[in-house]
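Ready to get to know a new structure? Here are a few exercises, each with a worked solution. Have a look at the model before you begin.

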Amino acid sequence: MTVRFPEDTVDGFPTPPRTVTDADGREIRLCEVTYDDSDALTAMYLDFDPEDRAQGIPPGDEDSIREWLEVVMTGEALNTVAYHDESPVGHVMLVPDGDGSYELAIFVLQAYQGAGIGTALVRTALGLGQREGIQRIWLTVERWNRPAIGLYEKIGFERTGDDSFELEMSLRLEPVE
Amino acid sequence: MRLLVGVNGSERALGGLEEVVDRARQAGDELTVAVYSSDDAVAATEEAVRDRLETLDVDATVETVTGQPGSRLVELAETDDYDRIVLSGGQTSPLGKIQFDSVIEFVLLNAHTTVTLIR
């Protein structure tokens, strides 16, 4: 698919590692991770509520989760995880699309949603992407998922896709000096 | 049942066709394959579909669909009174999200015929 990107760049994202306090007072540590950390993430995704799936991911069973994590955590992909008490509770992936751009997705465990972790996690992942020299980032989100669309808009994503089942949004990062 | 199977040239669609043929054999369904292409290569796609059907050793009517494939599939299903439209479902994004192309979306939203989406 061909993705359009806004001309204006967005800047000011924090880089990992960093610690934030969420709206419920929990200390959340945001770190860059690699495929070596995929076991802990597999456990997180096994706890994932099917209700929070987006366009077929994450998969439900352990083998498929492991297979999928290998796709989104190897090669040039960049991964940022939110930890609470040493356990992953959220995950943002940036996966190269072969066109020099990166597709973004985020998943947060249900018990940790609505506390600002998603926003902090996406902003931190964008800071990581910026530090690694990435400039064009896009995502798709289901049209009815208004909270997610609002979150992405607040962060700086713009709607760029045509009208279809999924809404396409994209963002251009300010290049680092 | 009489099935109208929409197939474009993608490997996913041709793989889906094999599944349909398997089930149709067991159930005794009658197959019509409607070939469409998003990039005007409908003749080449039809060739690939006929090859695949021959390999599978199955009797099926093959038609080509031009213009807006989505609306043509819906129309064909209604005018020729098919029991079901079968399509193979969507592409996968770099990180694994399923994305439906405009043909699948149009058929799902507009068909009055039952639609099966192979995943």
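A residue is buried if 20 or more other C-beta atoms lie within 10 Å of its own, exposed if 12 or fewer, and partly exposed in between, with C-beta atoms placed from the backbone. A nonpolar core is a set of buried Ala, Val, Leu, Ile, Met, Phe, Trp, Tyr and Cys residues joined through C-beta atoms within 7 Å.

This is a predicted model, in which local features need pLDDT of at least 70, side-chain atom pairs count only at pLDDT 80 or more, and totals for chains, interfaces and linings use all residues. Residues are numbered from 1 along each chain as its sequence is written, while chains are lettered from A and ligands numbered from 1 in the order in which they are written.

**Exercise 1.** Find the largest nonpolar core and the helix that gives the most to it.

*Solution.* Start with the size: the largest core holds 43 residues, and Leu94(A), Leu121(A) and Ile137(A) have the most contacts inside it. Next, look for the helix (a DSSP run of H or I, at least four residues, numbered from the N terminus, as are strands, runs of E of at least two). It's α3 (residues 117-131) of chain A, with seven residues in this core. Now zoom in on Ile137(A): leaving out residues up to four places away in sequence, the residues it touches (C-beta atoms, placed from the backbone, within 7 Å) include Leu94(A), Leu126(A) and Leu173(A). Finally, there's a second, separate core of 28 residues, with Leu3(B) and Val33(B) among them.

**Exercise 2.** Work out which residues of α2(A) are buried and where they sit around the axis.

*Solution.* First, get the helix: α2 (residues 62-73) of chain A has 12 residues and spans 16 Å from first C-alpha to last, close to the 16 Å expected at 1.5 Å a residue (that's 1.5 Å times one less than the number of residues). Its buried residues are Ile65(A), Leu69(A), Val72(A) and Met73(A). They cover an arc of only 85° around the axis, which puts them on the same side of α2(A); the arc is that of the directions from the helix axis to the C-beta atoms. Then turn to the other side, where Asp63(A) and Glu67(A) are exposed. As for what covers the buried residues, α1 (38-46), β4 (78-84) and β5 (87-96) of chain A are included.

**Exercise 3.** Count the residues that each chain brings to the contact between A and B.

*Solution.* Chain A brings 17 residues and chain B brings 10 residues. On chain B's side, β6 (98-99) and α4 (102-110) each give two or more.

Methods: Two residues are in contact if their C-beta atoms, placed from the backbone, lie within 7 Å.
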